[in-house]
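The following questions and answers are intended for a first-year student who is learning to read a protein model. Please consult the sequence and the structure while working through them.

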Amino acid sequence: MGRVSVFSRKAMGYGAATLALFILSLVLSSGLFLMMSLIGMAVILLSLSFIPRKPEVTRSMDSDLIHEGDEVDVELRVQGKGGLGQVEILDRLSPTLRIQNGNNHAFLSPGERSVRYTFGSPLRGYHDIGPTHVRRWDPLWFWYREDEYGEKKRITTFPERTSADMRRMLKGPNKQRPGDMHLRRVGPGKEFYSIRDYVTTDPFHTINWKAYARTRKLQVNQYEAESVTDLMFILDSRMVTRAGTLIENPLERSIRFCASLADLYLTTSNRVGLINYSSSVTVLKPEGGTNHLTKLLHTLTDITPSGYHTLGATVNYSLAYIPPDSRVFVLSPLSEDPTIKEGIKKLLARGHNVVIVSPSGVEFERSVIEGMITPRYLLKKLSRINLIEDLRSMGARVLDWPPEKDVLWAVQEVLSWD
Amino acid sequence: MGLRIRFIPFVFLGGYALCIWLMFPSFLEVSAGIYRDLSVPYIGWALMGGVIGSVYYRYREGLRKRIKNPINKLGLGLVLWLGASILISVALGEGDLQDRVLDSGLIRAWFVTMFGIFMSAPTFLGSYSILARSKEVFSLAILGLIIVPLTCMIYLQAQSVSVPRQDPLLSLITALTLFGFVETFHWVYKYDRIDVQVGNLFARQLISTILFAGVGSVIAFIAFSWRSMIPDIAAVSFYEMDTIFGTAAIGLALLSPIALLAIVRSFREGK
């Protein structure tokens, strides 16, 4: 944006008063009013003559990729010549960012100056910072010239990941080192294990040609099975998951849970995938590695609650993407969806280990209306209790997650079931 | 900083009222025109206005809880009082209709009250605007503070059909007190806040204000004292110099270099 010059209301008032006093002094031959008007004119003209020169402004930040609850230090360096007048600086922040320390709005004297402040991001998502607006004022605040520096810069806020040492809670085969574990039996893997006779269904590339040359019999390589856990999250991000406040609601809790557990499993060389259903169904196939973790976190950051898709339809659509024998976490408040049992049944029938982590949407709703107990609340609560019991009797494990318990508690509960 | 800064505009407001009192000793003639025995000097009205303004600010919440829209109700009350006074005077007075109204004690009391309100309103508004940090009320206060000397001048000129002389030095001090009130109010408005970083700006603005006011005062004083500063030679003296127009012209001439500076710097900045 280019320069903008604006006269303040003070200047308008001074100008109008000075002019009026000058005219009145001539009409009434008043020395007093003439004095007032001459002083007023002198002050206005002198102040308008002294405005600071345009400075150079640069912004430096710790990081533009953070997690919920993290803080970012920002420093704005203003380099200009000294002199009379004032410099007003405003670094625009997205309304979802919170200033923790200092201020993004400051008045400075001209010269070499710096403004420091710290902001935090309580909510995941993509937030903007900037551009920086600078106003150069005359000494008596009559007028200013405004300039804009830089472009909008994007800050990415990933969901919060519970950082407690949870690896020790991961049960299962005692892995000697992180990553793949060899199981001393035949299975899909990369390490050679044994040779056996060829059968017609064996792939051609597994034929051991050296053994054939020696024995004149077709034989194939067999490999050692590796332990790589596949984990699939089915995340409910329909409109009903917004019950509660902007920062605390079933969807945000589920996302933080998913981010925490995915981080844990991916850093121990397992594969994690994500199926998100809202107004449509999106699938992130299970993969491993830190790149995949970043991709997953970006997907979680981008989620906005919408639509009314059902779990049943989602499972029907995405069964092909769920690896066999993988563990499935269903993250849903289990409300406003008549197909839940049908969807869970399909997953269980396919042999998946199903864990349902359900932040209680009913309790989040109640917390917003100051804990009032209404007939509607009681009905919904009863319906939820019955549904959870039914799901448990079907063979799924269900974690009923109340609002007062945090993500760490939920993760610990789930890991203790292993 | 808050309490110290807020104290300063009160000083200038009081100083302005004092200067007006000194500048217009014939203010009592103005009040005598309203009521013969009304001998409250202007400083009395100003002081009363300042005190009532401060008290009103302190108890405004309580007052508004008891009486909704107290200012509107006061205005309505005054109008009703005038109407009732006129009716009572017409109904119960003696003599002609005109004599009944003009000689009525009730109506005279109403005029005295209105005069008191108008004379104390500028300082009432001024003190309230400082405490409440209200720009709108401040603007009304400035208007009132200018109207007071204006009223005196017009009245006295109309009475005596001549221009009463105003001492240049006292005029300068009066002008500076008004300027000081305006600027120090803006200090309170700008710097008596905790949500913005301000650094050493207050000291810089204080210096700039004093500097510019000083230059303006010198220019204004020279414009008025020009006559006594130059020798009485025909080439450099002219009749109009002694008139207000001449003084204004000299003042504008002295301001022209500053105006030129402002224009030149504004063009340079524009590039």
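Q: Which residues of α3(B) are buried?
A: This is a predicted model, and a residue counts as buried when its relative accessible area is under 20%. In α3(B), that condition is met by B:Tyr42, B:Trp45, B:Ala46, B:Gly49, B:Gly50, B:Gly53 and B:Tyr56.

Q: Around the axis of α3(B), what arc do these residues cover?
A: An α-helix has 3.6 residues a turn, so residues three or four places apart point the same way. The buried residues lie on the same side of α3(B), because the arc that they cover is only 135°.

Q: Which residues on the other side of α3(B) are exposed?
A: Exposed residues have a relative accessible area over 50%. On the side of α3(B) opposite the buried one, the exposed residues are B:Leu47 and B:Arg58.

Q: How far apart are the end C-alpha atoms of α3(B)?
A: The helix comprises residues 42-58 of chain B, which is 17 residues. At 1.5 Å a residue, the expected span is 24 Å. The model agrees with this expectation, for the end C-alpha atoms are 25 Å apart.

Q: Is B:Leu28 buried, partly exposed or exposed?
A: B:Leu28 belongs to helix α2 of chain B, residues 27-34. Values between under 20% for buried and over 50% for exposed count as partly exposed. The relative accessible area of B:Leu28 is 37%, and therefore this residue is partly exposed.

Q: What is the C-alpha to C-alpha distance between B:Leu28 and B:Ser39?
A: B:Leu28 touches B:Ser39, B:Val40 and B:Pro41, when residues up to four places away in sequence are not counted. B:Leu28 and B:Ser39 are 11 residues apart in sequence, and their C-alpha atoms are separated in space by 6.1 Å.

Q: How many helices does chain B have?
A: From the N terminus on, the elements of chain B run α-α-α-α-α-α-α-α-α-α-α. The chain has zero strands, and its helices number 11.

Q: What percentage of the residues in chain B is buried?
A: Chain B has 271 residues. Of these, the buried residues make up 40%.

Q: What is the strand order of the open sheet of six strands in chain A?
A: The pairing in this sheet is mixed. Its edge strands, each pairing on one side only, are β17 (281-287) and β20 (397-401) of chain A. Neighbouring strands are turned against each other by 15° on average, direction ignored. The order is β17-β16-β15-β18-β19-β20.

Q: In β19(A), which residue is the bridge partner of A:Val330?
A: Strand β18 of chain A (residues 327-331) is parallel to β19 of chain A (residues 353-359), and five bridges join them. β18(A) also pairs in the parallel sense with β15 of chain A, residues 230-236, over five bridges. In the pairing with β15(A), A:Val330 is the bridge partner of A:Ile234. In β19(A), the bridge partner of A:Val330 is A:Ile356.

Q: Which residues of β18(A) point the other way from A:Arg327, A:Phe329 and A:Leu331?
A: In a regular strand the side chains alternate between the two faces of the sheet. All five of the residues of β18(A) are buried. A:Arg327, A:Phe329 and A:Leu331 point one way, and those pointing the other way are A:Val328 and A:Val330.

Q: At roughly what angle do the axes of α4(A) and α5(A) cross?
A: The axes of α4 (residues 250-266) and α5 (residues 290-302) of chain A come within 10 Å. Among the residues making the contact are A:Ile255 and A:Cys258 of α4(A) and A:His292 and A:Leu293 of α5(A). Angles over 145 degrees count as roughly antiparallel. The two helices meet this condition, since their axes cross at roughly 175°.

Q: Which strands are the edge strands of the sheet of four strands in chain A?
A: This open sheet has the order β2-β4-β8-β6, with antiparallel pairing. Neighbouring strands are turned by 25° against each other on average, direction ignored. The strands that each pair on one side only are β2 (56-61) and β6 (98-102) of chain A.

Q: In β8(A), which residue is the bridge partner of A:Ile99?
A: β6(A) pairs with β8 of chain A, residues 112-120, in the antiparallel sense over four bridges. The bridge partner of A:Ile99 in β8(A) is A:Phe119.

Notes: Residues are numbered from 1 along each chain as its sequence is written. Chains are lettered from A and ligands numbered from 1 in the order in which they are written. This is a predicted model: local features need pLDDT of at least 70, side-chain atom pairs count only at pLDDT 80 or more; totals for chains, interfaces and linings use all residues. Side-chain values use heavy atoms; hydrogens and water are left out. Two strands pair if DSSP finds at least two bridges between them. Axes are lines fitted to C-alpha atoms, for helices over the stretch in contact, and angles run from 0 to 180 degrees between N-to-C directions. Buried means under 20% relative accessible area, exposed over 50%, partly exposed in between (1.4 Å probe, protein chains only). Contact means heavy atoms within 4.5 Å. The expected span of a helix is 1.5 Å times one less than its number of residues. The arc is that of the directions from the helix axis to the C-beta atoms. Angles under 35 degrees count as roughly parallel, over 145 as roughly antiparallel, 65 to 115 as roughly perpendicular and the rest as oblique.
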